[in-house]
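Let's take a walk through this structure together, one piece at a time. Have the sequence and the 3D view open as you read.

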Amino acid sequence: MSDAPKTLPLVMDAPRGRAKPPRHLADLTLAERQDAAKAAGLQGFRAKQISVHYFERLVHDPEQMTDLPSAQRAELVSTFLPDLMTSLRTQSADAGTTVKTLWKLFDGSLVESVLMRYSDRATICISSQAGCGMACPFCATGQGGLQRNMSTAEIVHQVVVGARAMANGDVAGGPGRLSNVVFMGMGEPLANYRAVMGAVRRLTDPAPEGLGLSARHVTVSTVGLVPRIKQLADEGIPVTLALSLHAPDDELRNELVPINNRFSVAETVDAARYYFDQTGRRVSIEYAMMRDINDQAHRADLLAEVLNERGRGWVHVNLIPLNEVRGSKYTRSRDEDMDEFVRRLEAGGISTTIRDTRGDEIDAACGQLAAVEG
Ligand code: SF4
């Protein structure tokens with residue numbers, strides 16, 4: 001189970017020679033959009049107007065862009081707002097406050113996003129790659145391999161559509177504001193580093209350059225691409241880092257998270273600590289609870305030890321009851337084992353929560369809807 005990963009490349013580029021996703025305004029800075037407008041024979045300020053529609057007013061229908069001259073509207077829309085994805089299916093749960101969308105990209109690749117409304121916030125969980133090359137054996141997405149990296153605009157567009165749904169009152173609870181983004185859908189975000197950083201910038205740039213979200217409300221997850229974690233720490237953007245650790249010892253983590261064969265638990269947790277040191281942002285340690293695999297009391301003690309060796313108060317542990325893949329040997333932990341795991345971590349001084357499993361009845365864990373469809 002653990003011999004192949006040594007060959008995993010650090011950055012999973014899409015196979016060469018494939019058509020690229022259409023260029024969209026969300027791929028570009030405002031200055032680049034102005035240049036693109038001029039190159040298309042349009043006035044530069046039109047780029048700003050159409051950016052206001054996309055990022056600020058969250059308008060989709062060109063007919064509503066009445067400040068754009070009707071003769072130029074079609075050209076502006078085709079230059080800046082080409083279709084990036086089509087909704088194939090939506091499923092809702094939790095009385096309509098969780099909405100999952102399965103998207104088909106321009107080349108037929110399938111990805112998904114999940115919008116979750118809570119009493120105090122609305123969070124969207126987005127994909128950063130079609131498929132994933134990290135091969136975690138308990139994960140539906142990991143079984144299919146990587147199809148390709150998503151573009152910056154494809155990543156951002158999932159959020160803009162979610163923000164629009166919230167603003168329009170399409171999610172149960174009436175009109176509201178999308179406040180949080182988590183990169184925890186399909187893919188390993190740091191394996192598509194450049195496009196993901198472009199997306200983080202676009203999400204946090206003030207409108208109309210971007211969506212104007214707070215960087216503190218953006219969470220980038222990773223299974224532990226150590227050099228990329230360090231690079232992210234040095235970017236100077238205070239996003240929250242979520243490290244999917246899933247095991248505190250190399251022997252088990254080599255099996256559950258194959259990239260561990262390349263970067264050990266010690267190196268990975270050191271990189272997470274570096275992230276905290278550089279940004280001051282508490283790191284979230286994600287730990288999917290798997291029955292009799294990684295949920296034993298001694299592993300809780302070891303996890304506390306591994307984290308405490310690097311200081312106090314710099315992490316929060318999120319235990320995630322595993323969303324089971326049909327036919328898999330990895331199943332969800334018993335409640336009493338999860339409770340004991342929490343008790344031991346807290347006794348070790350580690351702040352810990354069990355994540356609420358929103359959308360359980362609609363296969364909301366990463367990759368599962370696409371796996372069913374595919
Ligand atoms: S758990 Fe995350 S990193 Fe691992 S295979 Fe699934 S999508 Fe990829």
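Please keep in mind that this is a predicted model. A good place to begin is helix H10, which covers residues 297–308. With twelve residues at 1.5 Å a residue, H10 should span 16 Å, and its end C-alpha atoms are 17 Å apart, so expectation and model agree.

Now look at which parts of this helix are hidden. Arg 299, Ala 300, Leu 303, Ala 304, Val 306, Leu 307 and Asn 308 of H10 are buried. Their packing partners include three helices, namely H8 (250–256), H9 (265–279) and H11 (335–347). The buried residues of H10 also pack against two strands, E10 (283–289) and E11 (315–321).

Let's step back to the whole chain. The protein is divided into domain 1, residues 26–80, and domain 2, residues 85–373. Taken over C-alpha atoms, the centres of these two domains are separated by 33 Å. Where they meet, 15 residues of domain 1 are in contact with 15 residues of domain 2. Between them the domains bury about 1300 Å², with 61% of that on carbon and sulfur atoms. On the domain 1 side, Tyr 54, Phe 55 and Leu 58 lose the most area to domain 2, and together they account for 46% of what that side buries.

Next comes the ligand. Nine residues surround it, and the closest are Cys 132, Cys 136, Cys 139, Gly 142 and Val 223. By type, the shell divides into seven nonpolar residues, two polar ones and no charged ones.

One of those closest residues, Cys 132, deserves a visit of its own. You will find Cys 132 in the loop between strand E5 (129–131) and helix H4 (140–144). Is Cys 132 buried or exposed? Its relative accessible area is 10%, so Cys 132 is buried, the cut-off being under 20%. Leaving aside neighbours within four places in sequence, Cys 132 is in contact with Thr 141, Gly 142, Gly 145, Leu 146, Gly 187 and Glu 188. Arg 148, 16 residues away in sequence, is 8.2 Å from Cys 132 in space, C-alpha to C-alpha.

Our last stop is another loop residue, Leu 213, found between helix H6 (193–204) and strand E8 (218–222). Leu 213 counts as buried because its relative accessibility is 5%. Beyond its neighbours within four places in sequence, Leu 213 is in contact with Val 159, Arg 177, Leu 178, Ser 179, Val 181, Leu 203 and Thr 204. Arg 201 is twelve residues from Leu 213 in sequence, and their C-alpha atoms are 9.6 Å apart.

Conventions. Residues are numbered from 1 along each chain as its sequence is written. This is a predicted model: local features need pLDDT of at least 70, side-chain atom pairs count only at pLDDT 80 or more; totals for chains, interfaces and linings use all residues. Side-chain values use heavy atoms; hydrogens and water are left out. Helices (H or I, at least four residues) and strands (E, at least two) are DSSP runs, numbered from the N terminus. The expected span of a helix is 1.5 Å times one less than its number of residues. Buried means under 20% relative accessible area, exposed over 50%, partly exposed in between (1.4 Å probe, protein chains only). Contact means heavy atoms within 4.5 Å. A residue is near a molecule or strand if one of its heavy atoms lies within 4 Å of it. Ala, Val, Leu, Ile, Met, Phe, Trp, Tyr, Cys and Pro count as nonpolar, Asp, Glu, Lys and Arg as charged, and the others, Gly among them, as polar. Domain bounds come from an automatic or database domain assignment. Buried area is the accessible area (1.4 Å probe) that two parts lose on being put together, summed over both.
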